Amino acid sequence: MNMNDSIVSIQNVTKTYKRGSEVIHVLENISLDIGQGEYLALMGPSGSGKSTLLNLIAGLDQADSGSIEVGGIDITALSESELARWRAGNVGFIFQFYNLIPVLTAYENVELPLILTSLSGHERKEHVYTALKVVNMEDRLRHYPSQLSGGQQQRVAIARAIVTDPTILVADEPTGDLDRASAENVLELMDRLNRDMGKTIIMVTHDPWAGNKAHNMRHLDKGVLSNDYQDSHS
Amino acid sequence: MRLLFYYSIRNLLTRRLTTLLTASGMALVVFVFAAIIMLAEGLQKTLIETGSYNNIVVLRKSASTEVQSIIERYQASVIETQPEVALDENGRRLFAKELVVLITLQKKGSSSSANVVIRGIGSASVDMRPQIKLSAGRLPVMGTSEIMVGNSVAKRFKNAGLGDSIFFAMRSWKVVGVFEAGETGFSSEIWGDADQLMQAFRRNAYSSIIFRARDASSLSKLKRRFESDPRLTLDAMIEVDYYKEQSEMMAKFLSILGISLTAIFSIGAVIGAMITMYTAVANRISEIGTLRALGFGRMNILAAFLLESLILGFLGGCAGLFFASVLQFISVSTTNFQTFSELAFRFRLSPGIIFKAMTFALFMGFSGGILPAVRASRMNIVESLREV
C-alpha cells in the first residue's frame, strides 16, 4: 500500500495495563497503515488486543508510546478535551450493544453527535433524515430504542455513526449481539457505506464470517499484529 | 443543548417513583422552611401594619413596650400642648393618652387561658387609626363601663361577643361593639375608656401617648425638646417603628428556629438526593461512556447530571411552596414575647419568601447532585463502555 493513501497511520504503538503489581502488555510495537476508503477487519481471539487497538485509533484511550495519525492529525499529541472535539467530528462509533440512549428517540439519538457541531437546527434535521434514510429507518424516527429490534437498533446506531460524515467508522463487534439475519443486514449496510459512500471502516470481530465481509483482514494475537495482509475477497 | 435538557428530564420521568420520593423529601424541607418564614413574615407584617407613619408614640425612656411604660398625668399634659400635635378639621387635637393592661381570658372551646391587651383609649384614638372599622355594634361611650373588642378576641375568647359582659378589674364590662382592624395587632385587643379603666385598675399613670404629627420634622423637634426638658424623661418614635421593634424579637426567634430546623432536615434531603443521583450514575455508566465517546466533554456530563439534580430541587421547591401557600388561609395566634399578650396573625407568602425557598431548594439539589455529577464526569471512557 502506498503510504500517501493512508488515512490511519500507526507507528510503533505500545500499550500496557497494570493489574496490581503485574504489567500486562496488550499491544507491542504495533505499526499499521489503513488506506482511505479501506474496509478492514481486525481479527483475533479474546484478549488479543484488537479492541484496545480500535480504542486507540478512535481516540478513546492513550498509547504508552508510538504515534497514531488519523487524517493527518497526530491524535497522541492531543489533550483530552481536544481529543473529545476531534472524536465528535472525525469518528463514527458502532458498538456491539448499539449503545443508544434509551430515553431518547431514534431521531434524537442520531441528532446527538450533531449538537456538538455548529449546524443550525434546520441543517441538523436534514442530516438526521438523510442518515436515517441511508439505514432505511426513516419510518421509525419517533421510536425509542426499547421499541426497536436489535437489528433496527444497530441500524439507528449506524445512522448516528455516519450523521457527522466522519473520517473513519470504527465498529467493535457490530454483529456480536445480533441473529444471523440481522447481522447479515448490518454487514450489508456497512459494505454499502464503504462501497457507495467511500467510508473508511475498521471493524473488530472474532467472528470469521463477519470478518470475511470486510475487504481486508489483519490478525492480532497476544498484542502482536501478524504481518500477513489478507484480502478477504481474494 | 436542548437535547441534553430533554435527556435529563426524560431520565427523571423514566424513574418516576425515585424522582417523586426524592422531590417529596425536598418538598417537605421547603415546606417547613417556607412555613416558618411565612409565620415570621406574617407576625412582622401584622405588627408593622398596626402602626401608622403619621402617628407618634411616646413612652417612658428605656421602656420598649407600652406595658412597661409609665407616663405621669403632668407629663401627658405637657406633651398635649406641644406645637407638633396636629389638629383635626374641628380644631380638636389628634392626641390620646392611652393605658395598656394585660388581663387573662379563657379561650373558646378549651380550658386554657391567654393574655389579652386591654387598651384604654381617648376620644381621638379611633380617629388616628383609620384601619379600625366597626363591624358590629357601636363605639363605647366615654365615661361608662362599655368596651369594644377586636374581631380576633370576639372569635377566640369566651363571653367576648357583642352583648356579652366580661368581668375584670372588679367590674363587669359590657361589649357594645366589635371592630375589625385588618391583619393588625389591634384585632387582638379590647378597647374602653382610658379614665374608666385607670380607675378600675387603680392606675395613676398612663402607658403611652399617641398623637398625629403635624409634619415630617415633628419627631426630631420633639426629641430635642425632650432632651432639654428635665420633666420629660420620655422617648418618642414613629408608630410604625415602635411596632417594627416589637416584632423583631419574635421574628428573629422564628427565623432562627426555622433555619435550625430546616438545616437539620435538609441534611436528610440532600443525602436522599445524593443517593438518587449516585444510583442514576451507577445505572448509566454505559450511557456516560457512549456520550463521552461521541465527543461530549467532562463538563457536558457534569452539567447533564447536575441539571437532573437541580430539576429535582426545583420540583421539590415548587411542591413545597404550593403546600406552604395553602397555609395563607390559616390564621394562628401566639403569645407576643414583647408584650406577653395573645396576637392573631396569618402566614404570609411574599415574593421574597418564594425566592428564598426556591434558592434553598436549588441549593439542596446542587448539594445532592454535585458529587455524583463529578463522579460521572471523571469516568474512564473505555471502562464505562465495557459496562452493559
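1. A good place to start in this predicted model is the interface of chain B and chain A, where seven residue pairs are in polar contact, both partners being at pLDDT 80 or more. On the chain B side, the elements that each give two or more residues are α1 (2–14), α8 (285–294), α9 (298–326) and α11 (381–386). The largest share of that side comes from α1(B), with eight residues.

2. What classes of residue make up the side of chain B that touches chain A? You will find 13 nonpolar, six polar and six charged residues there. Counting participants on each chain, the contact takes 26 residues from chain A and 25 residues from chain B.

3. Next, the area. Chain B and chain A bury about 2,200 Å² between them, and carbon and sulfur atoms give 66% of this. Three residues are worth finding in the view: Leu3(B), Arg10(B) and Leu294(B) supply 29% of the area that chain B buries against chain A, more than any other three residues.

4. Charged pairs also join the two chains, with three salt bridges found across the interface. One of them links Arg10(B) to Glu108(A), with the closest N and O atoms 2.3 Å apart. Arg10(B) therefore meets the salt-bridge rule with Glu108(A), as its cut-off is 4 Å.

5. Finally, step back to chain B as a whole. Its domain assignment gives domain 1, built from 2–48 + 246–386, and domain 2, covering 62–232. The C-alpha centres of these two domains of chain B lie 46 Å apart.

Conventions
Residues are numbered from 1 along each chain as its sequence is written. Chains are lettered from A and ligands numbered from 1 in the order in which they are written. This is a predicted model: local features need pLDDT of at least 70, side-chain atom pairs count only at pLDDT 80 or more; totals for chains, interfaces and linings use all residues. Side-chain values use heavy atoms; hydrogens and water are left out. Contact means heavy atoms within 4.5 Å. Buried area is the accessible area (1.4 Å probe) that two parts lose on being put together, summed over both. A salt bridge is a side-chain nitrogen of Lys or Arg within 4 Å of a carboxyl oxygen of Asp or Glu. A polar contact is a pair of N or O atoms within 3.5 Å; within protein, one must be able to donate a hydrogen and the other to accept it, and residues adjacent in sequence count only if both atoms are side-chain atoms. Helices (H or I, at least four residues) and strands (E, at least two) are DSSP runs, numbered from the N terminus. Ala, Val, Leu, Ile, Met, Phe, Trp, Tyr, Cys and Pro count as nonpolar, Asp, Glu, Lys and Arg as charged, and the others, Gly among them, as polar. Domain bounds come from an automatic or database domain assignment.
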